[in-house]
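Got the viewer open? Here's a short tour: a list of things to select, and what you'll find at each stop.

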Amino acid sequence: MPSSRKNSCNETHVPASIPEDKAVSDDSSRTSSGSDGEDGTFLEHPRGSVGQGRSSISSFSNPQRKISTGSRKMSTRRKLSVPLAERINRQHSQDIDETLHDVSLQHTQVASVEKKDFAQEVRGTRDINNFLQKSEVFLDLAEIEISHIVDKMLGMMMKDPKETVTNQELKSLIFTDDTYTQLTDNIQGTISKGGKYYDWEQTWLCSAVTIPTLRKRHVGIARLKHRCNLGQKAEEVRFFILILCPSEVKKTKSALETGRTFATLFSDMGLRHELLTAPTVEEFKESMRKTTEMFAEHQAPPELNGGPGKPDPNDENKDTELKWYQFGYGIKEDLMRRLPYYLDDYKDGIVGPNTIQKTTATTLFLYFSVILPAVALGVLNSSNTHGKISVQQVIVGQTIGAITFTLLAGQPLVVVMTTAPLALFIKIIYTIAEDFDIDFLAFYAMIGIWNTFFLILYSFFNMSVLMKYSSRSTEEIFSNFITIAFITDSTKNMVKTFNKHYWSDSCYPTTTGNDASNPLASAITNITATTAHQVHPHECHPDVCFLSLILMLGTLWLGVTLFDFTKTPFLNKRKREILSDYALPVSVVVFSLVGTVLFSGVQVKTFPYNPTSNVFQVVNFGALTVGSVFGAMGLGFSLSLLFFMDQNISAAMVNSPDNRLQKGNAYHWDLLVVGLINAFLCIFGFPFLHAVLPHSPLHVKCLADTEERVENGYVKDIVVRVRETRLTNLFSNILIGISMLFLGSVLTFIPTPVLDGLFLYLAITALYGNQMFERIMLLFMEQAAYPPNHYIRQVPQRKIHTFTLCQCGQLLVLCAFGFAPWPYAKMIFPLVILFFLPVRHMIIPLLVEKKYLSVLDGH
């Protein structure tokens, strides 16, 4: 019992500063009620709560006795401890308040930074030399505290009178608090071996700070006289690098990038004897230069043995590479590669998360993006051939040819349709047939058969292997040409509308206004203007012009806005993806209703459609002479070059490594399939078709799951997975065939300006991820806004612009032949595209080194 009482008393913890006898005497004057609640059996205490102790035990052991002597004494102390506990709590709270008054918060973040590759990142070596030339080097500093070291360095680094920032302001940004003991931003090396060992590299420490008010960058390197303890994880520092960088600089020259350069250098060098013993600043800098060059040579990858387009003699697959030159080997390999995935191509359009929605949305995208241009090109072909090739023939040929290609092709993501270059070629064929008095359809069909003959030869002799010479540069030049063609066609249509309904001379007489000095002349002028509007009421409609402009730009605006809706914070992720997937069909339907329902009083131009029952009629080959048959061979060869380049370039852009496709390509087999399809179509007078840009790459984007990733501080969309399915191409072309049942009535609700907006939408969205377009934008951007992507890091800026200008020159040449007003000039258009291959590999390397071309022009 005594021991138990003693433990209970110790638990109440009466401070020693108050005598116990005083506490007892004070208690004797009070009347004890014997109530536990009055005695305060539960007390707040800094160390915890105090229990009831012996008093509870005594009460239960003897009910007749309210409290024992020992329990009374403990109860007395418990009474006295109440004000003492309050005083203790007040003192404790006061101490906490005083402590909190001196407490501040700091946010610490540790992130991994890649070391700079001096062999690949050409700016690494150049920047080191530039930094060393302008940097301040301090040898054998005797200071041992970080604040004193920084003071010493700032005194020498900030001598430029143009700099207005003070050293005190700089230190407030370099350090986290007024004690000047902890750096705000620092880079330090770490050592790890197989995940079993991890430690900090403590021989050097780099602080890279962004100072918004600085005018230029300042670098200081201090070699300390002794190993210094500059804080936690930096206890043996011998080199300290201080980098101060303004905010308005290129991202490749920011404080972090500059610090990364020096950190990589000191991490690779370690404590080299040359740096530790260099007696002068010049010798120290020279030692660093030599060390940088040595590491750059050590990191440099070995040159490829074979060169572009040549197999590496050390390649294990050398024998397989040589088999590509055997007859028919390419087709055999394509079929062996793709046939095992044939049934899987259908399953990929159904199975998987979010797959049904992607398949449905992509089907509608292909439906609208194919049928409307097909109708427009059908109208153009009908006008160029005086009705020999009509809109109905274009739709029938599209349905039959595209469905056949989808079922047989090795790469089902490629979209085939008739194109604007093919429409121009058909116009050339019609012109030649008229000039030499040849039956057009028979001559057209014979050209198509010769085209098929040459495509079969290309396939069996594995000519698509030449596409290894077709680099990203050629693909992007052709893609940008198609983009310009779409924009040009849309602009031409709008200019025609304004010329007819707004800029026409009949709408604006030569004399306008009121002449106060000659009322009679003014009255005659007004009568003339009124008469002009009465004589040509169908030609003077400004409302048609401006509604057409609204429909075209509105379709473009709504389509692009919905396409980029995933980048907005509105709705949730699922709904944003749905709106983005259905961007094109929604914009076409919405502005078709706006033009035909909301503004029904304005007669905007729509598509004509006059179906006939006699579609499948074989052309009359008997009308051809021997001379016309062999004359068709020359045009067939030129057409086959256009097919070869368009088909293979489109397929190459679909199979780009950026798309992460898994099932492989089939260039030779697809070229053979396209040739056979066109041989069938041309004998019925249906238009030619082949792979098309930008529909094919956009088809891949619609079926892809993407996510934004930050690479070196730059947000980039990365393709995670693509659904390689045949269903979208199949369903969309089946819908096009079904549309023929009601196409005549539906086309009256689709204004032609909506098609112009669709062309602009395809042109704008095709520029997403186009590296050539990105580099063209660099010509008009300030250097501080340059993205820190791979070619900015690894290629000198002058070489980047030189290569971009070379591409722009090739694009201008292509546009000169593609948009030439002379029909015969367009016949050599395919040869121009083919000519870009030797230009890329023989002429451009004279202007830009191959090591830079591999970065700029590689996938």
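Start by selecting strand 5 (residues 218-228) and strand 6 (residues 237-245): seven bridges join them, and they run antiparallel. Strands here are DSSP E runs of at least two residues, helices are H or I runs of at least four, and both are numbered from the N terminus. Zoom in on Cys228, and you'll find that its bridge partner in strand 6 is Val237.

Before going on, keep in mind that this is a predicted model: local features need pLDDT of at least 70, side-chain atom pairs count only at pLDDT 80 or more, and totals for chains, interfaces and linings use all residues. Numbering runs from 1 along each chain as its sequence is written, and side-chain values use heavy atoms, with hydrogens and water left out.

Now add strand 4. Seven bridges tie strand 4 to strand 6, this time in parallel, and Trp204 sits opposite Phe239 in strand 6.

Widen the selection to the whole sheet: it's open, with four strands in the order 1-5-6-4 and mixed pairing. Pairing takes at least two DSSP bridges between two strands. Strand 1 (136-141) and strand 4 (204-210) are at the edges with a single partner strand each, so one side of each has no neighbour in the sheet. On average, neighbouring strands are turned by 15° against each other, direction ignored.

How many residues of strand 6 are buried? Nine of the nine, so strand 6 is largely enclosed by the rest of the structure. Buried means under 20% relative accessible area, with a 1.4 Å probe and protein chains only.

Next, show helix 7 (residues 146-157), which lies across strand 1, strand 5 and strand 6 and runs at about 50° to strand 6. Contact means heavy atoms within 4.5 Å. Axes are lines fitted to C-alpha atoms, for helices over the stretch in contact, and angles run from 0 to 180 degrees between N-to-C directions.

Jump to helix 16 (residues 391-408) and helix 27 (residues 727-739), whose axes come within 9 Å and cross at roughly 160°. That makes the two helices roughly antiparallel, a label for angles over 145 degrees. Residues making the contact include Ile395 and Ala402 of helix 16, and Leu730 and Gly737 of helix 27.

Last stop: helix 26 (residues 695-702). Seven of its eight residues are buried, so helix 26 is largely enclosed by the rest of the structure; among the buried ones are His695, Pro697 and Cys702.

Key. Buried means under 20% relative accessible area, exposed over 50%, partly exposed in between (1.4 Å probe, protein chains only). Angles under 35 degrees count as roughly parallel, over 145 as roughly antiparallel, 65 to 115 as roughly perpendicular and the rest as oblique.
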